[in-house]
Amino acid sequence: MQNERRHEAILLARKTIAKDTYECIFESKEDIAFEPGQYAWVIVSKLSHPDPRGTRRALSIISTPSNKRKFSFVFRARR
């Protein structure tokens, strides 16, 4: 049985918003119903650098739900 809440998506773009702050835009192969501000767990399969916190983060969706395949997150990178 496939988990209906798990969706694979590709990273379309990463933009620098401010120092250590980024917007990442993803696209899913299928429609995803969401509300702005709802969070989603993002799992990155390959990291550029080791991270003791692991590969999974809860991020808040900032995009509009009218486009059900593209969604964006803004986050700050820790150093």
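**Exercise 1.** In this predicted model, determine whether Phe 26 and Phe 71 are buried or exposed, and classify the geometry of their aromatic pair.

*Solution.* Begin with accessibility: Phe 26 and Phe 71 are both buried, each falling under 20% relative accessible area. Turn next to the rings, whose centres lie 6.1 Å apart with 15 degrees between the planes; because planes under 30 degrees apart count as stacked, the pair is stacked. Finally, place the two residues in the chain: Phe 26 belongs to strand S2 and Phe 71 to strand S5, so the pair ties together parts that are 45 residues apart in sequence.

**Exercise 2.** Classify the pair formed by Phe 26 and Phe 73, and state which aromatic cluster contains these residues.

*Solution.* The centre-to-centre distance is 5.8 Å and the angle between the planes is 75 degrees, which makes this pair edge-to-face. Phe 73, like Phe 26, is buried, and the pair links strand S2 with strand S5 across 47 residues. Together with Phe 34 and Phe 71, Phe 26 and Phe 73 form one aromatic cluster.

**Exercise 3.** Describe how strands S2 and S5 are arranged in the sheet and what they supply to the largest nonpolar core.

*Solution.* The open sheet has three antiparallel strands in the order S1-S2-S5, with S1 (9–18) and S5 as the edge strands. Seven bridges join S2 to S5, and one bridge partnership is that of Tyr 22 with Phe 75 in S5. The largest nonpolar core has nine residues, among them Phe 26, Phe 71 and Phe 73, and S2 (21–28) and S5 (70–76) each supply at least two of its residues.

Note on methods
Residues are numbered from 1 along each chain as its sequence is written. This is a predicted model: local features need pLDDT of at least 70, side-chain atom pairs count only at pLDDT 80 or more; totals for chains, interfaces and linings use all residues. Side-chain values use heavy atoms; hydrogens and water are left out. A nonpolar core is a set of buried Ala, Val, Leu, Ile, Met, Phe, Trp, Tyr and Cys residues joined through side-chain atoms within 4.5 Å. Buried means under 20% relative accessible area, exposed over 50%, partly exposed in between (1.4 Å probe, protein chains only). Helices (H or I, at least four residues) and strands (E, at least two) are DSSP runs, numbered from the N terminus. Two strands pair if DSSP finds at least two bridges between them. Rings of Phe, Tyr and Trp (its six-membered ring) pair if their centres lie within 6.5 Å; planes under 30 degrees apart count as stacked, over 60 as edge-to-face and the rest as tilted.
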